[in-house]
Amino acid sequence: MTEWERMEAGLIYDPGEKEIMEKQEPYLDKLWAFNQLKPSQSKEKEAYMKEVFAECGDNCYIELPFHANWGGSNVHFGDWVYANFNLTIVDDGHVYVGDKVMFGPNVTIATANHPIEPGLRDRMLQYNKDVHIENNVWIGANTVIVPGVTIGENAVIGAGSVVTKDIPANVVAVGNPCRVLREIGEHDREYFYKDEKIDWKNL
């Protein structure tokens, strides 16, 4: 089994192997050029995502800069995904993002990990586990999502959280490590911030 095949299978592998590096470098060059685009060049941004990403739905937008180990080539976006500044995706593995997901500034999603066993880590080996973010999730600023995690539909992840385990649907979760704070419910249909009510008639 080649190192590329081991990588694809989610096994421990050498990310610095020649074949892997040769495939990775062109994506990094494309990403560098992408990050030079002006804010007004929205069509060029969309063209990059459609060309390079594994999947990209309609009406997706990324505030630059964007960082990704493979340029986003292992990233799967649904429709209406919005990412604020400095989204970092360590996309050695795959990241699946549903529809209408929002990322605050400085969010990091990691799929790559290194063995705890010192001898393997000394050899610079790693393995990858996919991340899944379901529809209509809001990821707050400065959140870190570690390899192998799934975040359920409609969940809200509070700013500064470190998501180390799966988060169920329809909850607010916060902290380090990130834990469920409460379910999303009727209170959230009445108030949008502390004691300020939602003016439904005008929305």
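This report describes the strands, nonpolar core and selected residues of a predicted model.

The model is predicted, and local features are reported at pLDDT of at least 70, side-chain atom pairs at pLDDT 80 or more, and totals for chains, interfaces and linings with all residues. Residues are numbered from 1 along each chain as its sequence is written, and side-chain values use heavy atoms, without hydrogens and water.

**The two open sheets**

Helices (H or I, at least four residues) and strands (E, at least two) are DSSP runs numbered from the N terminus. Two strands count as paired if DSSP finds at least two bridges between them. Strands of a sheet pair through backbone hydrogen bonds, in either the parallel or the antiparallel sense.

One open sheet holds seven strands in the order S2-S5-S8-S13-S16-S18-S19, and its pairing is mixed. Its edges are strand S2 (61-62) and strand S19 (179-183); each has a single partner strand, so one side of each is left without a neighbour in the sheet.

A second open sheet has five strands in the order S1-S4-S7-S12-S15, with parallel pairing. Here strand S1 (55-56) and strand S15 (150-151) stand at the edges, and each has a single partner strand, so one side of each lacks a neighbour in the sheet.

Three strand pairs are set out below.

| Pair | Sense | Bridges | Citation |
|---|---|---|---|
| S16 and S18 | parallel | two bridges | S16 is residues 156-157, S18 is residues 171-174 |
| S18 and S19 | antiparallel | four bridges | S18 with S19 |
| S12 and S15 | parallel | two bridges | S12 with S15 |

Individual bridge partners can be named in each pair. Isoleucine 157 has alanine 173 in S18 as its bridge partner, while valine 172 has arginine 182 in S19. S18 and S19 form a hairpin with four residues between them, and glycine 175 in the turn has a positive phi of about 105°. Of the five residues of S19, the number buried (under 20% relative accessible area; exposed is over 50%, partly exposed in between, with a 1.4 Å probe and protein chains only) is zero, so S19 lies largely in the open.

**The largest nonpolar core**

A nonpolar core is a set of buried Ala, Val, Leu, Ile, Met, Phe, Trp, Tyr and Cys residues joined through side-chain atoms within 4.5 Å. The largest one has 38 residues, of which Phe66, Phe103, Ile109, Ile133 and Ile151 touch the most other members. Elements that each supply at least two residues of this core include helix H2 (18-34), strand S3 (66-68), strand S12 (131-133) and S18. Helix H3 gives the most to this core, with three residues.

Isoleucine 133 stands opposite isoleucine 151 in S15. Contact means heavy atoms within 4.5 Å. Leaving aside neighbours within four places in sequence, isoleucine 133 is in contact with Tyr96, Val97, Gly98, Val101, Phe103, Ile109, Ile145 and Ile151.

**Tryptophan 80 and asparagine 128**

Tryptophan 80 is located in the loop between S4 and strand S5 (82-83). Its C-alpha lies 7.6 Å from that of tyrosine 61, and the two residues are 19 residues apart in sequence. Beyond neighbours within four places in sequence, tryptophan 80 is in contact with Asp58, Asn59, Cys60, Lys100 and Val101.

Asparagine 128 belongs to strand S11 (residues 127-128). Asparagine 128 counts as buried because its relative accessibility is 6%. Its side chain makes a polar contact (a pair of N or O atoms within 3.5 Å; within protein, one able to donate a hydrogen and the other to accept it, with residues adjacent in sequence counted only if both atoms are side-chain atoms) with the side chain of tyrosine 13 at 3.0 Å. The side chain of asparagine 128 makes another polar contact with the side chain of glutamine 126 at 3.1 Å.
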